[in-house]
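Student: I'd like to practise reading a model from its parts. Can we go through it together?

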Amino acid sequence: MTTTHKREKTGLHYEILVAEDSPTQAEHLARVLAQDPDCPARVRVAADGEAALRLAREMAPDLVISDIAMPCMDGYALCRALKDDPQLAAVPVLLLTRLTTLQDIVRSLDAGADGFLRKPYDADQLRDRVRRILQGRDAGDPARPLEVMADERRRIYELLVATHEDTLRLNADLARMVDSLALLGRIAGALNEAAGETDVARAAIDHLSRLPALAGAAISTTAPGGAVRVLAQRGDGPVPSACTCADGSGADDPAQLCLPLIAGTRQLGRLHARARHDTFGAEDRELLAGVAQQVALALERARLYTRAEALVVERTNALRSERNRLSAIVETAGTLVLMTDPEGRVVTFNRACEESLGWSAEQALGRRCWEVVRGAADPDVVRQMFVGLPSDPRPQRLQGEWLTPDGRTRSIVWTHTLLRREDGSVEFVLGTGIDVTELRGAEQRLHYASHYDAATGLPNRDLLRERLRRLKAQAKAQAGRRVLGFMLVRFGRMALIREALGPDAELALLQEAAARLREVGNQDVVASFAEGTFALALLRADAEELAASARRVLAVLGEPYTYQQDAFHLDPGIGIAIYPNDGVAYETLVRGAEAALRQAIDGTGQRYAFYRPELNRDANDRFKLENDLRRALERHEFELHYQPQIAVDGGSIVSAEALLRWHHPERGLVPPCAFIPLAEETGLIVGIGEWVLHQVCRQLQAWRRAGLPVVPVAVNLSAHQFNDRIMGTVRRVLDDFALEPGLLELELTESASMADADKSVALLAQLKGMGIRLAIDDFGTGYSNLNYLKRFPVDRLKLDRSFVHDLETDPDDLAIARAVIAMAHGLRLSVVAEGVETAGQLGLLADLGCDMVQGWLFSRAVPAEEFAQLLAAGRLPAAA
């Protein structure tokens, strides 16, 4: 052991030469020897005896370990050649073999072997034997040959040597028996070394051919189909395919012997033998029976070995293929993948990391990850995370801005987890990230587009509603001291200017008016209300101050405007409604201001007017319409029309939207924009909505019974319906008509879904759990809060028709559409564009990657009977 420690301290290694023709066994043997910490060794492998002898003469090894059965030169011949070489005679030789007979030990000793170990060997036993041989050699006392033999076999050997002369005389009497036993031993040894079925059969036949009583022999197996396959045949032997023993009839020729090869309970084949003379003697039959048993066991072992090697190759290839696939996924995925060791050194840095963080893989690998990933707000946030890893092993999320080497910032969401060894210790820290920099920019652009008018830059109606709600709270808190006025501003001559000079002149004048209004109302809420109409919301002490503010606005807006060197007057008018005197709800204030605005524009006086109840001359008409709406369901005046939704890439009908129509007995067809808001305001929409759900499911069932290829149908869901009762309603209608949930899609507007976002997430998750398809309708016209949207378990977004209408001419609408589609696909949502009316719009949407479209370019909304014909056809022409 002292010598071994000296080797370790000096850094020297023993040179060990392994001669083994099996690559698998050679690799295992080399790995066992190389992993011995007490005996450092460098192992070289030769595939046969001749190659081993050449290597030994080149490298002068400290030890040679050799298999016995090898092609070209076996282990015995290699050992003799080494011992006969004066330069290599002192090199210890350890023989490995499956042979265990005394004759094999004697042959090993005669060949000059210094050690002998039986296969399969124990790894610890092998390392111990090698250490003792090498240490003995270093100490000048090499192990003697008899050291390798067990005590019992050593005594047998000494007895045989002592009585050698007597044994020779006895062997003369038992020569035939000994020859037979030797033949069995040789066959057994050859079979032990044979790897495949054919090798087993050839080894057995080669040795059997030396039996004097045998004229010829063959070994055959039977394929699953019954065909006989000859593995080996030699001499004047029988023809296996003509053998009648396999069918149980036995052999009629006494000179022929057919023995089954049985391993356990399975017959693997047959040994066919023909006697040189008329028949086989009893001893020959017994010998052949023993050979048949050995051959059967060897064939079984060969089959297991072949299957095992094939399995090893298959598993190795599978692991290599899996590793290659995982490597390809990591490199090509858009997700950032960064892996470190427990000390934070980077070991994996994929292409997405290079693109987002600004480091190349060569620069990042080996560095501490906190040098590569640096927080913009806190550069040490990653280092601090690593300090807390042992005490908090749960997956954590780091979200924020991160610095690149060139000073840029990227918005990345990181999640990391610990990869552990079997003993629980941390092997790697895996971090995955999503670069949301572009999505953040898109979110900001969408927020602006959703809350501000593109033409004037003023807040739009949605933002106006929100700011008016805040002013209502202030007015309520200051009741009696402040009043809230809601003004609508419109220009009497704008229509004439548009007709005379065109839309460009109208837009330029409106932008100038918006700038003036922003300046004069810089302390108030100013917004774009509708085309050519502005709104103001302002807190004043009383109505007289509101009137004074209206006059100031009229004075500023009434000044001449210049367009292409011509001066114009726009004749502004203002209608004013007061909260809460003229109404509490937003819609009520709007109607009051609209009525007052009509009075101001139609009059010839001061061009502004306060709301008075008598100005609403259509109040009676609205009351009648509401009463008729309440009876429309029981009178069966409602009808559903269906508009197909078309796949952009194929032109086929993939779904449809159900749209409500009201056939009034006196007014005729009432448009949805005239009665849906009234139904929402009065609460009638709840009953109407349930009727729509039942009718859609009943129609789907009818189409299916008619043998039509049904598609999912989308139903618009009112904010009044989107509550805890919706689950029971949807489940009931699906059960009533025995429909799969996937055939029903519910569309919810942004405003309805964002009213109580946390509650919306819970309700949507329950609906999604039922299998219902979910969509956000009119996307981009409401809140467009991406922070909540990414939590909603929806399937698709519907791009509002307001962004599609001017898609071919308005670059802002095109940019919004591009951002919405990219963002939706980033959130794994599909996109449906509404209101597609031209081939140009369709082409642009296709280029942007939109998934589906609906609009009059393909089909208007049609009754159920006509839609059934469309379903039967399955497709629509390009411009239906």
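Tutor: Sure, and keep in mind that this is a predicted model. Let's start with a cysteine: C353 is buried, with a relative accessible area of 0%.

Student: And is C72 buried or exposed?

Tutor: C72 is exposed, at 62% relative accessible area. The cut-offs are under 20% for buried and over 50% for exposed.

Student: How many disulfides are there?

Tutor: The test is a pair of cysteine sulfur atoms within 2.5 Å, and the count comes to 0 disulfides.

Student: On to the sheet. In what order do the strands run?

Tutor: Five strands make an open sheet, ordered β2-β1-β3-β4-β5, with parallel pairing. β2 and β5 (115–118) are at the edges with a single partner strand each, so one side of each has no neighbour in the sheet. From one strand to the next, the twist averages 20°.

Student: Which residue is the bridge partner of L94 in β5?

Tutor: That's G115. β4 (residues 93–97) and β5 pair in the parallel sense over 4 bridges.

Student: Which strands does α4 lie across?

Tutor: α4 lies across β1, β3 (63–67) and β4, and runs at about 175° to β4.

Student: What do the buried residues of α3 pack against?

Tutor: They pack against β1 (14–19), β2 (41–46) and α4 (75–84). Among the buried residues of α3 (residues 49–59) are L53, L55 and M59.

Student: What about the ends of α3?

Tutor: At its start, a side-chain oxygen of D48 comes to within 3.1 Å of the backbone nitrogen of E50. After α3 comes A60, with a positive phi near 50°.

Terms used:
Residues are numbered from 1 along each chain as its sequence is written. This is a predicted model: local features need pLDDT of at least 70, side-chain atom pairs count only at pLDDT 80 or more; totals for chains, interfaces and linings use all residues. Side-chain values use heavy atoms; hydrogens and water are left out. Buried means under 20% relative accessible area, exposed over 50%, partly exposed in between (1.4 Å probe, protein chains only). Helices (H or I, at least four residues) and strands (E, at least two) are DSSP runs, numbered from the N terminus. Contact means heavy atoms within 4.5 Å. A polar contact is a pair of N or O atoms within 3.5 Å; within protein, one must be able to donate a hydrogen and the other to accept it, and residues adjacent in sequence count only if both atoms are side-chain atoms. Two strands pair if DSSP finds at least two bridges between them. Axes are lines fitted to C-alpha atoms, for helices over the stretch in contact, and angles run from 0 to 180 degrees between N-to-C directions.
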